[in-house]
Each structure stands twice: as C-alpha cells, then as structure tokens.
Number of protein chains: 2
Amino acid sequence: MRLVVARCSVDYVGRLTAHLPSAVRLVMVKADGSVSIHADDRAYKPLNWMSPPCRIEESPGVWRIVNKAGEELRIALEEILHDSTHDLGVDPGLVKDGVEAHLQELLAATPTVLGEGLTLIRREYPTAIGPVDLLCRDSTGATVAVEVKRRGEIDGVEQLTRYLELLGRDPLLAPVTGILAAQEIKPQARVLAADRGIRCVTVDYDALRGIERDELTLF
Amino acid sequence: MRLVVARCSVDYVGRLTAHLPSAVRLVMVKADGSVSIHADDRAYKPLNWMSPPCRIEESPGVWRIVNKAGEELRIALEEILHDSTHDLGVDPGLVKDGVEAHLQELLAATPTVLGEGLTLIRREYPTAIGPVDLLCRDSTGATVAVEVKRRGEIDGVEQLTRYLELLGRDPLLAPVTGILAAQEIKPQARVLAADRGIRCVTVDYDALRGIERDELTLF
DNA sequence: CTATAAATGTCGGAG
DNA sequence: CTCCGACGTTTATAG
C-alpha cells in the first residue's frame with residue numbers, strides 16, 4: 001500500500017463526471033492497483049476512487065487510472081507532502097455476526113417467536129421470483145410467508161407482497177398470509193404492511209440468541 | 001489526518017458484531033475523529049470503521065472508539081510500523097454532473113423523447129406520498145406519470161405504481177398511465193412494469209444532451 | 001459472466 | 001430529529 005499526501009486536483013469521467021479542485025488530500029494506492037482519494041472527514045467514503053481491476057499510468061505530475069469499462073480517474077499532483085509504501089500482506093478477512101442470514105437462521109429454529117403455534121415448512125422456499133425467507137404453517141393450517149430483514153422498510157413489504165400474490169395462486173398453499181420480521185420496522189413500512197394485511201413482528205436479536213442458548217443448555 | 005500502519009486486531013460491536021484477526025493494516029484517523037481500517041485491497045470500503053460523530057479513547061496498546069448510539073470499535077495495536085500526522089485543511093468538495101436530477105431536467109425539456117406528442121404539466125408534481133418526477137399529458141389528453149431513474153429496477157416500478165394508484169383517484173387527472181424512464185432497465189423491472197401496464201423507455205443520456213445542444217444552437 | 005438482494009450501507013434533503 | 005430516496009452506491013451470491 002502506498003500512501004501519498006499531496007496537493008492535487010482530480011477529475012473522474014465515467015458513470016458521471018466529477019471534478020475536485022486543488023487541495024491537500026490523501027491518495028491511497030492499494031496492492032490490487034485500486035486508488036482512493038480521501039479528505040480529512042467522513043470515515044467511510046472516499047471523495048473519489050477507482051475500483052479494481054484497473055490500471056495506473058504514472059507520469060511525472062499526473063496519474064491516470066483507467067478500468068476496462070473506460071472509466072477514468074486523473075490525478076494532477078501539484079505538491080507531494082508525504083509518500084510512503086508499506087507491505088501489508090494478505091488480510092485474513094472479517095468475521096461477521098448478526099446479519100440477516102443469521103437472523104433468519106435463528107427464526108427458523110424458533111418460529112413461535114413470530115406467532116403462537118407457527119411451524120416451519122422450509123427456509124428459502126423457492127418461487128419463480130426468488131426464494132421466500134421462511135415458509136411456515138400456523139395453528140389453523142394456513143400457510144404463512146415470512147420476510148426477514150434486519151431493518152423493515154417499504155422494500156421488504158413490496159417484496160413480501162409479490163411473494164404473497166404468487167403463493168396465493170398455489171391451491172396447495174392458499175390461503176397465504178404474510179409476516180414481516182425485523183429488528184426494527186420503519187413507520188412507513190408498518191403503514192403499508194397494515195394496508196396489505198401483513199403482520200409486522202419486531203425481533204430482539206440478542207434475546208433470540210439467548211433463547212437459542214437456553215434451548216441448547218436444556219440438552 | 002493520522003495514518004498508522006500497524007499489526008492489529010479489531011472488534012466491532014454495534015449494529016452487528018465483527019472481528020478482525022491480527023494482521024498488518026492501515027488505520028486512518030480523520031480530523032472529525034472518525035476511524036477506518038483498510039486492508040491492501042478494495043478501493044472503496046474499509047474492513048471496519050466508525051463514522052463521526054464519535055470519540056476515541058486512546059490507551060497504550062488499545063484504541064476504543066465509541067459513538068452516541070453505543071456502537072464500539074476496539075483496535076488492539078500489537079506493533080506500529082508507521083505513524084504520521086498530516087494537516088489537510090478543509091476540502092473544497094466535489095462537483096458532479098450526470099445524475100438523475102440532470103436526466104430529469106433534460107427529459108422535462110424534451111418530453112417527446114418519452115412518447116409522441118407528450119407535453120409537460122410539471123416537474124416534481126407534489127403528492128401526499130412524495131413528488132412525481134414528471135407529470136405529462138399525451139396527445140389524447142390523458143395524464144402520464146413519469147418516474148426517472150438512472151437505472152430502472154423493481155424499486156422504481158413499485159414507486160411509480162404507488163403514484164399511479166394515488167393519481168388515478170384524482171378525477172381531474174384520471175386516467176393516468178405510467179412511464180419508467182431510465183438509461184438502463186433491468187429485465188425483472190421490465191417484467192413487473194409490463195404486468196402493471198407501465199411503459200419502459202430507455203434514454204441515451206449523451207444523445208439527449210446532444211439534442212439539447214442542437215436545440216440551443218437553433219437560437 | 002449477468003442478475004439479484006443485502007449493507008454496520010452512506011449521504012443529502014425535506015419536514 | 002426522523003423519514004425517504006439516490007448513489008460513480010459497493011459487495012456478495014446465485015444462476
């Protein structure tokens with residue numbers, strides 16, 4: 001990884017056109033050839049960047065970074081204040097926990113959290129328009145489609161609505177009702193869900209993990 | 001901005017739980033207190049980060065970064081290979097061109113691109129659930145709601161569907177038909193749009209800009 | 001490779 | 001502050 005602090009101006013021409021006037025910034029060149037330009041604010045997002053795979057053409061005062069799609073980043077270096085290179089090696093990578101997949105797993109193991117007497121038919125139930133997160137049966141024998149999200153927003157309601165429409169046409173499954181399950185559900189999503197007869201269930205991830213642990217300790 | 005290259009391990013506990021095993025990485029601390037941790041690949045996204053506003057507690061071998069929401073990033077520094085600080089000043093910021101707003105502007109000026117005889121009623125037509133990008137009238141006098149996107153996906157169809165449903169209830173506007181206009185339209189969006197009687201129009205941004213230029217040169 | 005959904009999305013604007 | 005939609009979204013994954 002090469003770190004250059006320099007007064008520079010930058011132009012990007014690709015999916016849009018963008019220009020950065022002259023200022024002091026960090027230019028980061030990574031081992032895969034990718035380049036990003038950071039100002040002294042915002043942790044996450046570079047001002048400008050070029051994702052790998054890409055190629056750097058380095059001439060005295062100008063770096064030109066191009067990719068296969070013809071996008072181009074041009075950095076005019078006016079004054080270099082710092083320039084160092086570091087060998088970082090390959091990163092072992094990130095271990096995550098608590099994303100949607102895991103929440104779905106926990107709910108599949110304890111569907112009663114979503115409703116009294118609910119039993120799992122299967123996870124990732126396949127349909128023509130994509131898999132339904134959880135397909136369940138309630139105590140009356142009716143089918144229940146569950147959409148699992150970390151955060152419940154309008155998208156999730158729309159997605160579930162499409163599944164319900166499709167599943168409802170299947171005589172083996174009909175009638176099918178819907179549940180949107182999420183750690184947090186936005187008001188607008190609640191309103192839309194209510195309007196479509198979809199039940200909203202907020203799920204406490206930590207509590208759910210606790211239940212799992214408790215059930216495991218019973219053995 | 002402070003740049004530290006160090007062998008470190010990192011834990012994040014917040015919206016999810018994540019762990020980075022020991023390896024050499026770049027730790028970037030920005031003037032606003034935000035922190036990001038970069039490996040030697042991927043230009044855009046850091047392995048881990050904490051967005052501002054946040055607070056850093058620095059003890060000898062451990063940095064603890066917390067925010068108001070109680071999220072925490074903990075960096076265990078095992079071996080520091082580089083440590084430098086740079087004064088970057090305030091960045092003048094980015095000038096962009098070519099995004100949805102501009103596409104909408106161009107289509108508002110030349111609605112006939114979307115359909116023979118189409119005339120603009122108004123841009124950003126306000127409704128209870130948000131503004132309709134373009135409201136037009138076709139040659140038969142019927143109202144046409146246009147949703148403008150850079151890339152047409154299912155979201156755009158759903159959004160337009162909600163507008164059409166609402167606008168269709170207004171006796172002054174009904175009947176209302178819909179057009180999804182985008183530089184590129186995904187197959188799934190096309191299928192859903194067709195199913196709902198929404199017309200899809202792909203727009204060539206550069207050509208449209210050319211038309212604008214040509215019309216200007218007529219004066 | 002394309003297409004699709006998730007993301008610690010982030011960011012900006014309107015209310 | 002919350003809500004909402006755009007983003008050069010980026011990123012991962014399935015087909």
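This passage looks at how the protein meets DNA strand C in a predicted model, and then at a pair of helices in chain B.

The surroundings of DNA strand C make a good starting point. There are 21 residues around this strand, and those that come nearest are A:Lys96, A:Val99, A:Lys149, A:Arg150 and B:Asn48. On the DNA side, sugar and phosphate make up 80% of the atoms of strand C that come within 4 Å of the protein. By class, the protein surface near the strand holds eleven charged, six nonpolar and four polar residues. At least two residues each are supplied to this surface by strand E11 (143-152) of chain A, and by strand E4 (48-50) and helix H3 (187-195) of chain B. The most comes from E11(A), which gives three residues.

Several polar contacts can be picked out with residues of chain B. The side chain of B:Lys45 places an N or O atom 3.2 Å from a phosphate oxygen of DNA strand C. Bases are met as well: an N or O atom in the side chain of B:Arg15 is 3.1 Å from a base oxygen of the strand, and a backbone N or O atom of B:Trp49 lies 3.0 Å from a base oxygen.

Helix H3(B), already met at the DNA surface, also has a helical partner. Its axis and that of H2(B) (residues 154-168) come within 8 Å and cross at roughly 25 degrees. Because angles under 35 degrees count as roughly parallel, H2(B) and H3(B) are roughly parallel to each other. H2(B) brings B:Ile154, B:Val157 and B:Glu158 to the contact, while H3(B) brings B:Gln188, B:Ala189, B:Leu192 and B:Ala193. Five of these residues are nonpolar, one is polar and one is charged.

Key. Residues numbered from 1 in each chain as written. Chains lettered and ligands numbered in written order. Predicted model: local features only at pLDDT ≥ 70, side-chain atom pairs only at ≥ 80, totals over all residues. Heavy atoms only, no water. Near = heavy atom within 4 Å. Polar contact = N/O pair within 3.5 Å; in protein donor to acceptor, adjacent residues only side chain to side chain. Helix = DSSP H or I, 4+ residues; strand = E, 2+ residues; numbered from the N terminus. Nonpolar A, V, L, I, M, F, W, Y, C, P; charged D, E, K, R; others polar. Axes fitted to C-alpha atoms, helices over the stretch in contact; angles between N-to-C directions. Parallel < 35°, antiparallel > 145°, perpendicular 65-115°, else oblique. Contact = heavy atoms within 4.5 Å.
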